[in-house]
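Take a look at the model below. The notes after it begin at the ligand and work outward to the whole chain.

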Amino acid sequence: PDRYAVFGSPIAHSRSPGIHAGFARVTGENIEYGTVEPPVEGFAPAVRAFLAGGGRGCNVTTPFKLQALAIADEQRPYAATAGAANCLKFEAGRIIAENFDGTGLVNDIQRNLGYDIAGRRVLLLGAGGAVRGAILPFLEARPTRLAVANRSADEARLLQSAFARHGALDASGLDDIEGAPFDLVVNATSASLFGELPAIPVRLFHDRTLAYELVYGRGLTPFMAFARESGAGRTVDGVGMLVEQAAEAFGWWRGVRPETGSVIQSLRASLP
Ligand code: ATR
């Protein structure tokens with residue numbers, strides 16, 4: 001089998017090996033997908049050793065996504081604009097960096113949830129790596145309005161200028177968001193990881209708003225509960241995004257795009 005792996009620290013609880021094993025089953029591709037936990041200072045040598053040992057590509061997660069971009073010989077546009085890579089492909093000894101997090105999110109929203117982004121008003125909450133990676137795929141999906149709101153408004157404004165040549169972004173703090181209500185609100189802050197709610201107003205939502213929580217496996221997060229109470233029509237977590245970004249990686253490596261429905265279903269069933 002061709003060898004792939006996910007690099008991260010910690011990595012023991014990663015869902016990626018299970019997801020890619022599922023894709024191998026549904027496509028009949030002969031791959032092996034493991035985990036690698038390099039020492040914090042040892043990411044680059046660990047990737048090179050994996051490459052030297054016959055590895056064909058890898059996924060990369062916390063805390064190595066920035067280094068993954070830096071060691072690449074070639075940076076694809078989504079990775080370059082995100083300033084981070086979540087996927088590497090090894091070709092003739094060269095390392096190519098991609099980032100499928102944003103595409104995975106957009107694909108989950110449009111294909112799985114049946115929610116066309118074109119013509120919608122979209123709000124991204126946060127200004128960290130997750131939002132940076134989502135902006136370009138979202139702009140390409142042609143919303144009428146794309147807004148980024150962050151606790152520190154300055155960080156949102158930095159993103160606004162960084163992406164100015166790609167398209168128009170509204171930028172604000174959480175307490176001065178303009179243009180509400182939105183058709184889609186994505187919580188891409190890390191607040192849910194701490195059981196916290198970003199300080200957002202009730203009036204962000206209307207009865208057909210899709211409230212999308214990026215984290216998964218944590219049940220109803222404070223953001224999801226708040227969105228429901230505030231009248232959002234639908235709330236979902238990030239399981240579909242996780243599987244969709246993996247499907248993009250698999251397709252990029254193998255030239256075969258797996259059907260994701262059954263893998264999303266079984267992953268969802270295995271989560272708390
Ligand atoms: P990631 O790479 O997952 O996006 P990050 O780069 O650490 O994570 O960014 C975390 C984001 O969550 C930031 O936008 C942060 O806001 P600040 O820039 O103001 O720090 C946001 N965040 C974290 N905890 C939050 C909370 N309790 N309420 C609102 N925003 C929060």
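## Ligand shell

The shell around the ligand mixes residue classes: 5 are nonpolar, 7 are polar and 3 are charged. The model is predicted. In this model, 15 residues surround the ligand. Five of them come nearest: Gly128, Gly129, Ala130, Arg151 and Thr189.

## Lys65

Which residue does UniProt list for "active site"? The unreviewed entry gives Lys65. That label comes from the record, and such annotations may be inferred rather than shown by experiment. In the model, Lys65 is found in helix 3, which covers residues 65–70.

Is Lys65 buried or exposed? Within 10 Å it has 25 other C-beta atoms. The cut-off for a buried residue is 20 or more. Lys65 therefore counts as buried.

What does Lys65 touch, leaving aside its neighbours within four places in sequence? Its contacts are Val60, Ala84, Ala85, Asn86 and Gly129. Gly129 also belongs to the group that comes nearest to the ligand.

## Overall fold

The protein chain holds 10 helices and 12 strands. Its radius of gyration is 18 Å, and the globule rule gives 19 Å for 272 residues. The two values are close, so the chain is as compact as a globular protein of that length. Along the principal axes, the C-alpha trace spans about 55 × 40 × 30 Å.

Of the 272 residues, 45% count as buried. Contacts over long sequence distances carry much of the count. Among contacts with a separation of 6 or more, 63% join residues 24 or more positions apart.

## Two domains

How is the chain divided? Domain 1 consists of two segments, 2–99 and 240–270. Domain 2 runs through 102–237. Taken over C-alpha atoms, the centres of domain 1 and domain 2 are 25 Å apart.

The contact between them takes 13 residues from domain 1 and 14 residues from domain 2. On the domain 1 side, two elements give two or more residues: helix 4 (77–82) and helix 9 (239–254). Which of these gives the most? Helix 9 does, with 6 residues. By class, the domain 1 side that touches domain 2 divides into 5 nonpolar, 5 polar and 3 charged residues.

Definitions and conventions: Residues are numbered from 1 along each chain as its sequence is written. This is a predicted model: local features need pLDDT of at least 70, side-chain atom pairs count only at pLDDT 80 or more; totals for chains, interfaces and linings use all residues. A residue is near a molecule or strand if its C-beta atom, placed from the backbone, lies within 6 Å of it. Ala, Val, Leu, Ile, Met, Phe, Trp, Tyr, Cys and Pro count as nonpolar, Asp, Glu, Lys and Arg as charged, and the others, Gly among them, as polar. Helices (H or I, at least four residues) and strands (E, at least two) are DSSP runs, numbered from the N terminus. A residue is buried if 20 or more other C-beta atoms lie within 10 Å of its own, exposed if 12 or fewer, and partly exposed in between; C-beta atoms are placed from the backbone. Two residues are in contact if their C-beta atoms, placed from the backbone, lie within 7 Å. The radius of gyration is taken over C-alpha atoms; the globule rule is 2.2 Å times the number of residues to the power 0.38. Domain bounds come from an automatic or database domain assignment.
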